[in-house]
Amino acid sequence: MSKPENLITTPYDPHPFFDEMFMNAYSVRPHYQSTFLQFMSMKRGNLNKRETATMKRMMEEGITFTLYSPDQAEALERTLPFDPIPRIIPQDEWIQLERGLKQRVKALNLFLKDIYHDQSILKDGIIPRKMVLSNCYFRPEMMRLSIPNDVYVTASGIDLIRDEQGKYFVLEDNLRSPSGFSYLYKSRSIMTHLFPELVFSHPIQDIEHSLNVFLTALRKLSPSGKSNPVIGLLTPGCYNSAYFEHTFLAQQMGLELVEGHDLVVIDHKVYIRGIKGLRQIDVLYRRIDDDFLDPLAFDPNSMLGVAGIMNAYRAGNINIVNAPGTGVADDKAIYAYVPDMIRYYLNEEPILNNVPTYILSRPEEREHVLKHLHEMVVKETSLSGGYGMLIGPSASESEIADFRLKILANPDRYIAQPTIQLSRAPVMLDGQMAARHIDLRAFVIAGEDIQVIPGGLTRVALKEGSLVVNSSQGGGCKDTWVIR
């Protein structure tokens, strides 16, 4: 007897985790019914052809990321692993997420304006003064500096997870120069071209218009008031791990893709050098860190930034997006106070909850965490991308011992959280559905108002049992659908 050609030949058991598609081994959630049946009807050979076409398309378009591994002497550039089974979010669920994301970003912008002006939240003792003013991302150069519309964070990536009961939590706020926009749009493009019968049989909220939302926000934040301001995207260059994204966004939004050596400051104005001479730039969407932005203001050894751009910024002749100094608000210790920010600035209760967080500079919390390190996720406050972390349940005794010493030596540098078993979703592996842990990076655009791109980017921990979804650590992604 020949092998069956349909995809699932062994039971898929979601327990003990919350699964996006399955309620149990034999019951599919209502909003996934159609998608599940369509995948069940596919033949393995047909799916294999589509997966091959997906890889070829990614190679041709250069949809890559840089994979870092302690086992490798050098970083490796690879195509981003893409899974064809979409993550589907019902409309009522998304409406609540959208409200919570807008509320959070509004409060974070108010916090940044406050700490660089009156510092009321520090004077009132809501957040410890030392935690803010000694933070490595706090920039005294931003004090009393007025910026257009008081928007410090134009583009943010808020990471969301679900626990074993399916409840959403905010895991991290990425506010400096969040990445992943391009993967969101490319995921939808791949699904539309290679799985059109899936995409066009579902009432999916459109994401293409959100590029215009982003561009409109940048235009509205121009200090010049021009109807058609010149907008640049500042990239570190082609060797940066996110360079594909930089080129994609510049092409799609009609931005000038520039490196530091393409720009010059004259009389506190920033110009692009070109074959036709100099052209003044009004808004700079920067994808480099503060330290490298201006060698006259920050790191004098930087070869990536523009000498004097901070003077032009202070003079009101250019807007820098996201604003310098925003990193203080996405520090992992400051994260613990975002619910307090929402209550303080908005007089509202948070719609989205934080993951419970221990501040290790507090002796009693540090003592508790050190006794339960094998149960905790410990993070270095200033790092992102899955670096500087201890995942206690999967760590060795030597790794736990090493982290204990690090915490005791510099408790201010770490926070800890209880291990939450992230929700799972099916991925396609060797013709079968297999469960993998996921999260969701939601993208929020703030200009004259705040808008959320429908769905966001679902990131997948492709290693079985792993909770680390970052592409830099080997994770992949899926298309994310919000159903109208």
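## Report on a predicted model

I318 sits in the loop that runs between helix 11 (309–314) and strand 14 (319–321). The model described here is predicted. With a relative accessible area of 2%, I318 is buried. Setting aside neighbours within four places in sequence, I318 is in contact with P223, V270, I281, D282, V283, L284, I309, A312 and Y313. I318 and K43 are 275 residues apart in sequence, and their C-alpha atoms are 55 Å apart in space.

### Backbone geometry in the loops

Most residues other than glycine have a negative phi, and most peptide bonds are trans. Some exceptions are described here.

The peptide bond from V321 to N322 is cis, with omega near -15°. N322 belongs to the loop between strand 14 and helix 12 (338–346).

N347 is not glycine, yet its phi is positive, near 55°. N347 lies in the loop between helix 12 and strand 15 (353–354). Its relative accessibility is 71%, so N347 counts as exposed, the cut-off for that class being over 50%.

D150 also has a positive phi, near 55°, in a residue other than glycine. The loop between helix 5 and strand 6 holds D150. D150 is partly exposed, at 33% relative accessibility. D150 returns below as a partner in a salt bridge with K113.

### Salt bridges

Side chains of opposite charge can pair when their charged atoms come close. The structure holds 29 salt bridges, and the table lists some of them.

| Pair | N to O distance |
|---|---|
| R57 and E61 | 3.2 Å |
| K478 and D83 | 2.6 Å |
| D150 and K113 | 3.0 Å |

R57 and E61 are both in helix 2 (residues 44–61); because they are four residues apart there, about one helical turn separates them. R57 is buried, with a relative accessible area of 18%, while E61 is partly exposed at 31%.

K478 and D83 form a salt bridge with the closest N and O atoms 2.6 Å apart. This pair links distant parts of the chain, as K478 is in strand 24 (residues 476–482) and D83 is in strand 5 (residues 82–89), 395 residues apart. Both partners, K478 and D83, are buried.

The salt bridge of D150 and K113 has an N to O distance of 3.0 Å. D150 is in the loop between helix 5 (129–133) and strand 6 (155–162), whereas K113 is in helix 3 (residues 91–115), so the pair ties together parts that are 37 residues apart in sequence. D150 is partly exposed, with a relative accessible area of 33%, and K113 is also partly exposed, with a value of 33%. Elsewhere, E20, R87, E93 and R162 are joined into one network by salt bridges that share partners.

### Nonpolar cores

In soluble globular proteins, nonpolar side chains tend to be buried together. In this model the largest nonpolar core has 79 residues, and F111 and L160 touch the most other members. Helix 3 gives the largest share of this core, nine residues. Residue K113, described above as a salt-bridge partner, is also in helix 3.

What does L160 touch, not counting residues up to four places away in sequence? The residues are L97, L101, Y168, F169, V170, L352, D439, L440 and A442. A second, separate core has 53 residues, including I190, F248, M253 and I453.

### The cavity

Rolling a probe the size of a water molecule over the atoms shows where empty space is left. The count comes to one cavity of 30 Å³ or more. The largest cavity holds about 30 Å³ of space.

Which residues line the largest cavity? The lining is made up of L184, S187, R188, I207, P454, G456, K478, D479 and T480. Helix 6 (181–194) and strand 24 each supply at least two residues of this lining. By residue class the lining divides into three nonpolar, three polar and three charged residues.

K478 thus appears in two settings: K478 is one of the residues lining the largest cavity, and K478 forms a salt bridge with D83.

Notes:
Residues are numbered from 1 along each chain as its sequence is written. This is a predicted model: local features need pLDDT of at least 70, side-chain atom pairs count only at pLDDT 80 or more; totals for chains, interfaces and linings use all residues. Side-chain values use heavy atoms; hydrogens and water are left out. A salt bridge is a side-chain nitrogen of Lys or Arg within 4 Å of a carboxyl oxygen of Asp or Glu. Buried means under 20% relative accessible area, exposed over 50%, partly exposed in between (1.4 Å probe, protein chains only). On a 1 Å grid over the protein atoms alone, a cavity is a set of points where a 1.4 Å probe fits but cannot get out, and a pocket is an open set with protein on both sides within 12 Å along at least five of seven lines; lining residues have an atom within 4 Å of a point. Grid points are joined across faces, edges and corners, and a volume is the space filled by probe spheres set on the points. Ala, Val, Leu, Ile, Met, Phe, Trp, Tyr, Cys and Pro count as nonpolar, Asp, Glu, Lys and Arg as charged, and the others, Gly among them, as polar. A nonpolar core is a set of buried Ala, Val, Leu, Ile, Met, Phe, Trp, Tyr and Cys residues joined through side-chain atoms within 4.5 Å. Contact means heavy atoms within 4.5 Å.
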